[in-house]
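Hello,

Please find the structure we talked about below, with the sequence. My notes on what was found in it follow.

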Amino acid sequence: QVQLVESGGGSVQVGGSRRLSCVASGITLSERAMGWYRRAPGQEREFVAVITAEGRAYLADSVTGRFTISKDNAKNEIYLEMNSLKPEDTATYYCNAPIGALKRMGSFVGPWGQGTQVTVSS
């Protein structure tokens, strides 16, 4: 049974930073890629970042240079360090393990969790 629990969201001012975490149960991070996805109001979920089992990281163009994805295999936990936040980053952030495609929306191993809300205000 897969369970994904995101945390770390909150309200941040433009230019600020925030660190999100995701604890994955039923998924072994040393064997599967794990990614961060977000959904802004009125929009579909979109790819943000992904880290492979081997530790290779890929970021969406919109966050490259500002966000960093990392993981701790021992804790079965992934992180998203967000810097230089913009109002456009306001969204609910989710984690999941992609099946097949790494850098776009597709099929995922687990059900979507509740996500964690990030609000970037001017």
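**Notes on the model**

The protein has zero helices and twelve strands; helices (H or I, at least four residues) and strands (E, at least two) are DSSP runs, numbered from the N terminus. This is a predicted model, in which local features need pLDDT of at least 70 and side-chain atom pairs count only at pLDDT 80 or more, while totals for chains, interfaces and linings use all residues. Residues are numbered from 1 along each chain as its sequence is written, and side-chain values use heavy atoms, with hydrogens and water left out.

Overall dimensions: the radius of gyration, taken over C-alpha atoms, is 13 Å, close to the 14 Å from the globule rule for 122 residues, so the protein is as compact as a globular protein of that length. The rule is 2.2 Å times the number of residues to the power 0.38. The C-alpha trace spans about 40 × 25 × 25 Å along its principal axes.

Sheet: six strands form an open sheet with mixed pairing, in the order E2-E12-E9-E4-E5-E6. Two strands count as paired if DSSP finds at least two bridges between them. Strands E2 (10–13) and E6 (57–59) stand at the edges with a single partner strand each, so one side of each is left without a neighbour in the sheet. Within the sheet, E9 (residues 91–96) and E12 (residues 116–121) pair in the antiparallel sense over three bridges. Ala 91 has Val 118 in E12 as its bridge partner.

Burial and core: 44% of the 122 residues are buried, meaning under 20% relative accessible area with a 1.4 Å probe, protein chains only. The largest nonpolar core, a set of buried Ala, Val, Leu, Ile, Met, Phe, Trp, Tyr and Cys residues joined through side-chain atoms within 4.5 Å, has 32 residues. Those with the most contacts inside this core are Trp 36, Val 48, Phe 67, Leu 80, Met 82 and Tyr 93. Strands E3 (18–25), E4 (34–39), E5 (46–51), E7 (67–72), E8 (77–82), E9 and E12 each supply at least two of its residues. The largest share, five residues, comes from E5.

Contacts (heavy atoms within 4.5 Å): not counting residues up to four places away in sequence, Leu 80 touches Arg 18, Arg 19, Leu 20, Trp 36, Val 48, Ala 49, Phe 67, Thr 68, Ile 69 and Tyr 93. Of the contacts in the protein with a separation of 6 or more, 57% are between residues 24 or more positions apart.

Regards

How values were computed:
Buried means under 20% relative accessible area, exposed over 50%, partly exposed in between (1.4 Å probe, protein chains only).
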